[in-house]
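This briefing walks through a single protein chain, moving from its overall make-up to selected strands, helices and residues. Please keep the sequence and the model open alongside the text while reading.

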Amino acid sequence: MVRVNSSILCDYYVKDNANKKAKCNVCGVYISYKTTTGNLKAHLKNRHIEIYRIVTDHQTTSLHKMKRVNTGNVCDYYVKDNANKKAKCNVCGVYISYKTTTGNLKSHLKNRHIEIYRIVTDHQTTSLPKMKRVNTGTLWDYYVKDNANKKAKCNVCGLNISYKTSTGNLTSHLKKKHIEIYRTVMNHRTISLHSNEQNAAIEVKPQRSSSSPTFSLISQSTASTSRSVPTVECQEKTQTRLDIFTPKKINKDMKSKIDNDLLELFTKGFQPFSLVEEPCFEKFCRWIPGYQLPSRKHISSTLIPQYYTKVRADVKKRLSNPQKVEKISLTLDMWTSRANENYMAITGHYITSTFAMQSVLLACDYFSDRHTSINIQDFLKKSVDEWNLQEKINFVVSDNASNVQQALTDLGWKHFDCYGHTLNVIVQDALSTVQMTIDKVKEIVRFFKKSSNAMEKLLEFQKTENEAAVPLKLKQDMPTHWNSTFHMIVRFIELQSAIKSTATVIGKDLPFISKEEWILLQQLKVVLKPFDDITSAMSREKYVTASSIIPITQALINTCDRILDSYVPPVSEENLVSPAAVVSQKLKDGLITHLGNVQKNRTFSLCTFLDPRYKISGFQDKAEGVRTKKHVQDLVHNMITKENVEVIPALTASDTNTHTVGIELSPWSILSDLIETNKSPRTSTPLSKAIQEVDLYLDEDRLPIYNSDGIQNCPLQWWQNHHQKYPHLSKLIRLHGNIVATSVPCERIFSRVGLLISDRRTRLDHNKVAKLMFINGNT
């Protein structure tokens, strides 16, 4: 029968059989139970949940202790004669004795009606997952039973093994004496169990005649005296086994690992803390056995602060190690969130002893004060003091805001305007000369972005032109990034024919792009392409970029000169000067105005000289290259002099008498003394060593900018391979080569903050924002 013994439930009630009611021993309420105990359990669940759990745990345990599988399927093929303990086969009419078990009935089906026997065994196999015992039928292939003496003879070695009530001795014998056979038996059991678990939820039962027995939770009706031969069909899934929901304990370490993985959803994926309250996510987490999902408050108030403290300690340990961090450069920027809150981000960059460029987020904190230079100065000083970096800062890169520049000047830190911001100002100023044409392009792009019908027509025309190509959409520019304007122009030119065709069909009064303006856009694409490439290259933070400022600036100026020298004549007789040529000239003038003196910057010239891709060839001004070489020699000279300053210990009495009596004299030690005595005096000086190391470095072939695969070579990798050959120059590159050219690292931080403070999370506390961003930037 399916019913589970619920006697433990009655321990919490006093029955009143006359009225079919039961009085709760806890609260004294009378509950009607009539034919089932459902109301009694429901009362415990609603009012006394702890007692309810005890009852359900007891019932679950009782259910697992029921080992016998219902064999009612066998009886479907027989008519029982309970008086004589026999059963008549419905197929052949033979009477079979069954007494206390149905073994003879199954044996008859196996010997005479093999197809029916397979149906019966398939039914029992499907019910097997409800039992704990695995079918060991394959074990008996290797033994001969002796039921009288409860022994089995091994077919391999002939040894008699006692088995009595279980087959444990038989299995042990195979494991000790016939390991290969043992593995075969175990593999068969594993495969059978896996197959049964997959089919556990599917119930296979025969179609019974109208007189077939029925079962209920209370009693079983009398069986019919005749049954028809059943057929087998798949019914709907049965109730899932209770042991699936049995909680499994996990240890503390495993729970900690799961919690850390969960935290990444909030620190890396920027998911809201309310995710753990989502029903779907709770349902998903049930598949982690024994894991209790932490609450929203526990995550935000306990787990996140603990994780933040751990990450902060790791960062502080790393920055306080002088072997890893000798000098550090900073980048900083400010940003306003959707909640109209101001934040300032500070990132640090340094080169490790293994010549790897590393970055660290020092702060991304709420800035509540006015943006005055004094307030900015106080914020920066406080942030640097927290990490004890006062003596390690060698350079700072920021935007060109006057208040920020004044704060850095007052602090006495070397600083430089972000190279990306400077290029943005130069290009934006140059494009103002062709603003009318660009405004037309913007208006057309804006129309296609707003009109879904027009965009659909545009995509259809592209498919018509080339069915194999993937249709493209227009790109819209951003006012704060000039290269977005460049990408908008490039895509606009790429879809020229599709735009013209679509504009004709939709009949919208769009701005007209003349032939001359299309040519201008083509020329702007050529003029602006080098600036876009340089902007992308200089925005990296894992590579050395400060060393490229001088040569790249000169390369851009030379590019503008080549465009102006080889430029095509004006597009019409009326225009004496092509608009694209004017843009090129404006770009060149802007480079000279804003970056013309960059070669005289001692920090950048030193970085360029120490870059094996450029060395002294990276200077357009040869005199500046010579001055930088002399500066490097002086730095190396000072380093060698400092190394040679050693305290010579005074000679002791034992040192003055090297040949004391009783010590065995060696001819090799005497020979060493003679060589030391006759050695010529040292003629090399720290200055000569410095000159020699610098000259040797310059005489070696320069590192190609690109390797054979077209990938840029890394100068730090070159120094890793040559640091023993140039010990002092390699130390200089660690001290001065850690500078990044742009403040893009801070902008990347703010891009991620924008994902964190979304429109749905504008009320997120700024202290939690700071902790989440610190974890995100340093893990």
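A residue is called buried when its relative accessible area is under 20%, exposed when it is over 50%, and partly exposed in between. The model is a predicted one, and by that cut-off 39% of the 779 residues of the chain count as buried. The secondary structure comes to 29 helices and 16 strands, and among contacts between residues at least 6 apart in sequence, 63% join residues at least 24 apart.

**Cysteines and a partly exposed valine**

- C285 has a relative accessible area of 7%, which is under 20%, and is therefore buried.
- C280, by contrast, has a relative accessible area of 66%, and because this is over 50% the residue counts as exposed.
- The structure holds 0 disulfides.
- V582, which has its place in helix 20, counts as partly exposed because its relative accessibility is 29%, a value that lies between the two cut-offs.
- The C-alpha atom of V582 is separated by 9.1 Å from that of V434, although the two residues are 148 residues apart along the chain.

**Strands 4, 5 and 6**

- Strand 4 (residues 78-81) pairs with strand 5 in the antiparallel sense over 4 bridges, and within this pairing D81 has K86 of strand 5 as its bridge partner.
- The hairpin of strand 4 and strand 5 has 4 residues between the strands, and K85 takes a positive phi near 55 degrees there.
- Strand 5 is also joined by 3 bridges to strand 6 (residues 95-97), and these two strands run antiparallel, with I96 in strand 6 as the bridge partner of A87.
- In the hairpin of strand 5 and strand 6 there are 5 residues between the strands, and G93 is the residue described with a positive phi, near 80 degrees.
- In a regular strand the side chains alternate between the two faces of the sheet.
- Strand 5 (residues 86-89) shows such an alternation, since A87 and C89 point to one face and are buried, while K86 and K88 point to the other and are not.

**The sheet of strands 7, 8 and 9**

- Three strands form an open sheet in the order 7-8-9, with antiparallel pairing, and its edge strands, strand 7 (143-146) and strand 9 (160-162), each pair on one side only.
- Neighbouring strands of this sheet are turned by 30 degrees against each other on average, with direction ignored.
- Strand 7 and strand 8 (residues 151-154) are paired in the antiparallel sense through 4 bridges, and Y143 stands opposite C154 in strand 8.
- Helix 6 (residues 168-177) lies across strand 7, strand 8 and strand 9, and runs at about 135 degrees to strand 9.

**Helix 18 and its surroundings**

- Helix 18 (residues 515-537) has 23 residues and reaches 34 Å from its first C-alpha to its last, which is close to the 33 Å expected at 1.5 Å a residue.
- A bend of about 40 degrees occurs in helix 18 at L528, and a proline, P530, follows within four residues.
- The buried residues of helix 18 include W518, L520, L521, L524, V527, L528, F531 and I534, and also E517, Q523, D532 and T535.
- The cover over the buried residues of helix 18 includes helix 13 (419-431), helix 14 (435-450), helix 16 (482-494), helix 17 (496-506), helix 19 (549-565) and helix 20 (579-595).

Notes: Residues are numbered from 1 along each chain as its sequence is written. This is a predicted model: local features need pLDDT of at least 70, side-chain atom pairs count only at pLDDT 80 or more; totals for chains, interfaces and linings use all residues. Side-chain values use heavy atoms; hydrogens and water are left out. Two strands pair if DSSP finds at least two bridges between them. Axes are lines fitted to C-alpha atoms, for helices over the stretch in contact, and angles run from 0 to 180 degrees between N-to-C directions. Contact means heavy atoms within 4.5 Å. Buried means under 20% relative accessible area, exposed over 50%, partly exposed in between (1.4 Å probe, protein chains only). A disulfide is a pair of cysteine sulfur atoms within 2.5 Å. The expected span of a helix is 1.5 Å times one less than its number of residues. The bend at a residue is the angle between axes fitted to the seven residues ending there and the seven starting there.
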